[in-house]
Amino acid sequence: MDLWNEEFLRDRSSLVAGCQCHACKYHTKAYIHHLLKSKEILPDVLLYLHNQHQVLLLFQCARHYLSISKDTFLMWLGKLREHNLEGEPKPKLAKEGNTTL
């Protein structure tokens, strides 16, 4: 997603639906688009917070599946790779506590 694009000028949705990071809970794509166009530093901070949150959730899921078994982890990892290679949305990692296959 390129928030510099004009398609986000009036987009009142969060970066990722259901994400609980500060950027998604309190700011819209339109607002971040505006900040980017205004050459403010805040969008860099907000996008960093969002990306950091997503990475932490990814590793939280990885730890969870590893704690069950190596086979469960490998199955989850395979599904994650499959979605990335097909260009489809990634499995839902944005919800806190979503650790189901």
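Helices are taken here as DSSP runs of at least four residues, numbered from the N terminus. By that definition, the second of them, H2, is followed by Lys39, a residue whose phi is positive, near 60°. The model described in this section is a predicted one, and the account moves from the overall fold to the pairing of two helices and then to the largest pocket.

The protein contains four helices and zero strands, and its elements run α-α-α-α from the N terminus on. Of its 101 residues, 33% count as buried. As for the reach of the contacts along the chain, half of the story lies in long separations: among contacts between residues at least 6 apart in sequence, 50% join residues at least 24 apart.

Two of the helices deserve a closer look together. Helix H2 covers residues 29-37, and helix H3 covers residues 42-68. They pack with their axes 8 Å apart and at an angle of about 135°. How are H2 and H3 oriented to each other? Angles over 145 degrees count as roughly antiparallel and those from 65 to 115 as roughly perpendicular; H2 and H3 are therefore oblique to each other. On the H2 side, the contact is made by Tyr31, Ile32, Leu35 and Leu36, while H3 brings Leu42, Pro43, Leu46 and Leu47. Sorted by class, this contact has eight nonpolar residues, with no polar and no charged ones.

The burial pattern of H2 fits into the same picture. Lys29, Ala30, Ile32, His33, Leu35 and Leu36 of this helix are buried, and the buried residues of H2 pack against H3. Lys29 invites a remark of its own. It lies in helix H2 and counts as buried because its relative accessibility is 12%, under the 20% cut-off. Leaving aside neighbours within four places in sequence, Lys29 is in contact with Met1, Leu3, Phe8, Asp11, Ser13, Ser14 and Leu15.

Beyond the end of H2, the chain enters the loop between H2 and H3, where Lys39 is found. The phi of Lys39, near 60°, is a positive value in a residue other than glycine. Is Lys39 buried or exposed? With a relative accessibility of 72%, Lys39 counts as exposed, since the cut-off for that class is over 50%. The two lysines can thus be set side by side: Lys29 is buried at 12%, whereas Lys39 is exposed at 72%.

Within H3, three residues illustrate the range of environments. Val45 lies in this helix and, at 40% relative accessibility, counts as partly exposed. Val45 and Ala23 are 22 residues apart in sequence, and their C-alpha atoms are 8.9 Å apart in space. Leu47, also placed in helix H3, is partly exposed at 24% relative accessibility. From Leu47 to His22 there are 25 residues in sequence and 9.8 Å in space, C-alpha to C-alpha. Not counting residues up to four places away in sequence, Leu47 touches Leu3, Leu15 and Ile32; Ile32 is one of the residues that make the contact of H2 with H3. His50, in turn, lies in helix H3 and is buried, with a relative accessible area of 7%. Which residues does His50 touch, not counting those up to four places away in sequence? They are Leu15, Val16, Cys19, Cys21, Ala23 and Cys24.

Leu47 and His50 come together again in the largest pocket, whose lining includes both residues. This pocket has a volume of about 230 Å³. Its lining is formed by Met1, Leu3, Leu15, Val16, Leu36, Leu47, His50, Asn51 and Gln54. Which helix gives the most to this lining? That helix is H3, with four residues. By class, the lining divides into six nonpolar, three polar and no charged residues.

Several of the lining residues have already appeared above. Leu36 takes part in the contact of H2 with H3 and is buried in H2. Leu3 and Leu15 are touched by Leu47, and Leu15 and Val16 are touched by His50. Met1, Leu3 and Leu15 are also among the contacts of Lys29.

Conventions. Residues numbered from 1 in each chain as written. Predicted model: local features only at pLDDT ≥ 70, side-chain atom pairs only at ≥ 80, totals over all residues. Heavy atoms only, no water. Buried < 20%, exposed > 50% of the residue type's maximum accessible area, 1.4 Å probe, protein only. Contact = heavy atoms within 4.5 Å. Axes fitted to C-alpha atoms, helices over the stretch in contact; angles between N-to-C directions. Parallel < 35°, antiparallel > 145°, perpendicular 65-115°, else oblique. Nonpolar A, V, L, I, M, F, W, Y, C, P; charged D, E, K, R; others polar. 1 Å grid on protein atoms, 1.4 Å probe; cavity = no way out; pocket = protein on both sides within 12 Å on 5 of 7 lines; lining within 4 Å. Points joined across faces, edges and corners; volume = space filled by probe spheres on them.
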